[in-house]
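Trainee: Please take a close look with me at the side-chain pairings in this model, and set them against the strands and helices that carry them. I would like one connected account rather than a list.

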Amino acid sequence: MKDEFLQGTIARDFDFYRIRETIASLAMSEEGRDLLLKRESSSNLEEINRLKKLSIQWLTYLNSTRPQAIGNFPPVKDIFPILAVEGAALNHEQIFAIGLFCCHTEKARDSLVSAGMELPIETLAQKAQQMPSLTGAKNEIESVLDLSTGEIKDLPSLRAIRNRIQSLKKQIENAIRKYTSNSEYASALQSNVPAYRADRELLAVKADHRAQIEGIVHEVSASGSTLYIEPEEIVKANNELIQEESAFQQELNKIFRELTSSLAKYKEDFETCHTQMLEFDVTLSSARYAKQVNGIFAEDCDKTKEAPAIFAARHPLLKDKAVPVNMNFMTGKNITIITGPNTGGKTVTLKTVALFSLLNQAGFPVLAAEGTRLPVFSSIFADIGDEQSIDNNLSTFSSRMKKIALALQHADENSLVLLDELGSGTDPLEGSALAMAALDLLIEKKSFVLVTTHHGVLKNYGYTNSNCVNASVEFNADTMKPTYKLLMGVPGESHAIEIAESSGLSQRAIEIAKGYISNQQADVSALIKGLTAKHEEIENLIKAQKEKLEELELKEYKLSEKELRNKEREVELKELEHSQSSEFLVETRSKLENLVRYLREGEINREKTLAVKNFISELTQQVENQTDKIEEVKKELEKQEEIVAENGMRISKSGAAKTSSKKNKKQRMSNKDAFKNATVNEYAHAEEKLKPRQVKTEELFFEGAEVLAGAERRKGTLIRKVKDGVWQVQFGMLKMNIPQRQLVPCENTVSLVKQKVSVEFVRDNAEERNEAPKFELRLLGMRYEEAMKELEHQLDLCAINNFKNFSIVHGKGNGVLQQAVHDYLSHYPGVKDYHFARPEEGGSGKTYVELL
């Protein structure tokens, strides 16, 4: 059976089910909790990554300020099949459950879609968006039930029956009160509180006072001392009440049947949303657990390319007593042999690796630091003493050859094998031989194996075999206690004599024990101590190197920050230059237009020519003065751009600045020459029209504008501006607040704004020049292009000023200009009519125009 060696006894022995119960308790729904309690570890990498990806995105959502997206929705799975039965009717409780499910589904959908526009939760948002809307089903249920209370609404078909029931109940209540509040019957009644039998309100009457109250006896108490009597005057009312209540229930069943039939069309939508909501619930539970215990979701690991690694691992059941352990396994070393003192954490290390693997392959988080990576195992085999208790932090030693045989029979390259105290419990020589034989076979199978032992022979085996690596749990010789830290690449000592001495064993016994240890064993201990010291020395060197690297990175960051400030200053300078140039151009353009207007009035004489020369000379001087000022600022900036770094290195950016300065200067010179040329060009073609201004970004966003939102480019309409940079956008029935930076105007919006700007330009340009349409437009002596521009401008002014009639003097000549004017007018949509003047007014040399 697939994954059989990842479930059952293995999962129970390593406390996987205890952690699973904790995670299941965090589910929002009862169905989600049940689903989590059935979750088992799997070797399906695609399914594992799918669950972890969703949980990681949920963790991002939980760490934000967003409101809760998933609520406690009721169990509804068993209700859906009823909808497929023709003529079936759901009861009140079932309809209410579906209504609440619709509310929770719509809330989850809206919350995740909205959050997806601001948070990196693309998969969650996409799955939520793909869920079918249950608004229609919700509305149909709300037409019958109040979903805030679950009560049936005051429907017209029920109102009359309900009123009659209330009237009858009041009538019965008044009749009963006549007996219970009347002192004449006080001695006859066992109690002043009415009794209910078979849905009828009765009086509890003493048996010996039966004759005082006339009516029907419905029941007698077991002792015979009490009779339950229905007074005659309320018999009829009770009968009518039962009939009315029956009619009410029949009408209600009819309504529920019709509603059930109407909800049947949503059955597939209900099931689709239910499956997705359960997936949301179970993955959210994993994320909530990760946040609660400060856990992470392990990264994938391919053992053939990189070794597994676990950083700051903490066993969940040890809680605050857990000491974070790093397990950075080595590439190509599938067998790790861990040695060291008793209670040093060897067995806990094995159990932690096994539990982390099971949790990871169930899509659950592990209590470790970021960077932890785990492979996916198809099976896990273990030989760990049954008396081991993580909760009490105790360690025992046992060996079960049956379990080892099972591992050797079924393990493969995708198996994790954990062998605690391998080779113990028998003769050390034979035990070591069996242990090495088992490891040889596991090496052939390429399984990933973790072994704990005290046998020195296995330590030597770890050194001599290229597929193995020694590791040890650290022991503090000063305090005579283990530190629970795992050292890779170094074997450990058992420290049995030291621990025995600190535990109170007599000094004489300690000395005798030391005497039994051979010189060879002493040499091995010295070698191990030396290796341990070397390992600590290397670790200290690595730590110092890391600190030095961090210091260099900090200095590099500071230099980059200074460089960035200089670039910002350079940008500010360019912006200042651009601003001054813009102001200069606006002022000069105004002067130029006045000068052109002055030149066109009358003939050109010496005075006017001199005025033009003075204007050009003054303009040139202003450009040169502005250039000199900017050059002074540039030189000052270049002096400040030479930086002396803290480490003594001189970094100069003046070269780049000078290059930029030269480029700017060259650009400014060409701008000056271009402006001179533009001045002469304006003088020669003074009537050439200016282009409309560019459309500003803010003008593209206004109430009613159509936009595309988010990465999905969903089309919506701007409703109102919530605050600076944030708009309320409507997508169908949904309204959301979205930052303006995530919105893109639609093409029709851009076209509308550009058209508006173009009309404003013509109007503003005309007002700026105090221009008005002419009663008589004279085109005599103009070339074709110049005449058409004048005619176009005249028609624009007429449209702006609502000017309906004017005349055009184009002359006769060879008829070219006359034909051009008539062709233009015939294609202009605003022209109502045009015709030649009478002979005495100019004949075919003049045309009258009438506009719409």
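Mentor: W58 and F280 are both buried, in what is, we should keep in mind, a predicted model. Their rings belong to a wider set, since a search of the whole structure returns 12 aromatic pairs. One of these joins F16 and Y17 in an edge-to-face arrangement, with 5.6 Å from centre to centre and 65° between the planes, and F16 and Y17 are both buried. In the case of W58 and F280, the ring centres lie 6.0 Å apart and the planes stand at 85°, so this pair too is edge-to-face. W58 sits in helix α4 (residues 45–62) and F280 in helix α11 (residues 267–293), so the contact ties together parts of the chain that are 222 residues apart in sequence. Elsewhere, ring pairs join F73, F80, F101, Y266 and F270 into a cluster.

The open sheet offers a second setting in which to read side-chain contacts. It consists of 4 strands in the order β1-β2-β4-β3, with antiparallel pairing, and its edges are β1 (195–197) and β3 (215–220), each of which pairs on one side only. From one strand to the next the twist averages 45°. Between β2 (residues 200–206) and β4 (residues 226–231), the antiparallel pairing runs over 4 bridges, and L203 has I229, in β4, as its bridge partner. Helix α9 (residues 156–180) packs on this sheet, touching β2 and β4, and its direction makes about 10° with that of β2. Helix α10 (residues 232–263) also packs on the sheet, where it touches β2, β3 and β4, with its direction at about 75° to that of β4.

Charged residues are found in this sheet as well. R200 forms a salt bridge with E230, their closest N and O atoms being 2.6 Å apart, and the pair links distant parts of the chain, with R200 in strand β2 and E230 in strand β4, 30 residues apart. Both R200 and E230 are buried. In another kind of contact, the charged end of R197 sits over the ring of Y228, 4.3 Å from its centre, while R714 lies over the face of F731 at 4.6 Å from the ring centre.

Side chains of opposite charge can pair when their charged atoms come close, and the structure holds 21 salt bridges. Within helix α9, E173 and R177 lie 4 residues apart, about one turn of the helix, and their side chains meet in a salt bridge at 2.8 Å, N to O. E173 has a relative accessible area of 41% and is therefore partly exposed, and R177, at 37%, also counts as partly exposed.

The side chains of K846 and E776 likewise meet in a salt bridge, at 3.1 Å, N to O. This pair links distant parts of the chain, with K846 in strand β25 (residues 846–851) and E776 in strand β22 (residues 776–778), 70 residues apart. Here the burial is split between the partners: K846 is buried because its relative accessible area is 12%, below the 20% limit, whereas E776, at 33%, is partly exposed. Salt bridges can also extend beyond a single pair, as in the network that links E47, R50, K127 and E279.

Definitions and conventions
Residues are numbered from 1 along each chain as its sequence is written. This is a predicted model: local features need pLDDT of at least 70, side-chain atom pairs count only at pLDDT 80 or more; totals for chains, interfaces and linings use all residues. Side-chain values use heavy atoms; hydrogens and water are left out. Two strands pair if DSSP finds at least two bridges between them. Helices (H or I, at least four residues) and strands (E, at least two) are DSSP runs, numbered from the N terminus. Axes are lines fitted to C-alpha atoms, for helices over the stretch in contact, and angles run from 0 to 180 degrees between N-to-C directions. Contact means heavy atoms within 4.5 Å. A salt bridge is a side-chain nitrogen of Lys or Arg within 4 Å of a carboxyl oxygen of Asp or Glu. Buried means under 20% relative accessible area, exposed over 50%, partly exposed in between (1.4 Å probe, protein chains only). Rings of Phe, Tyr and Trp (its six-membered ring) pair if their centres lie within 6.5 Å; planes under 30 degrees apart count as stacked, over 60 as edge-to-face and the rest as tilted. A charge sits over a ring if NZ of Lys or CZ of Arg is within 6 Å of the ring centre and within 35 degrees of the ring normal.
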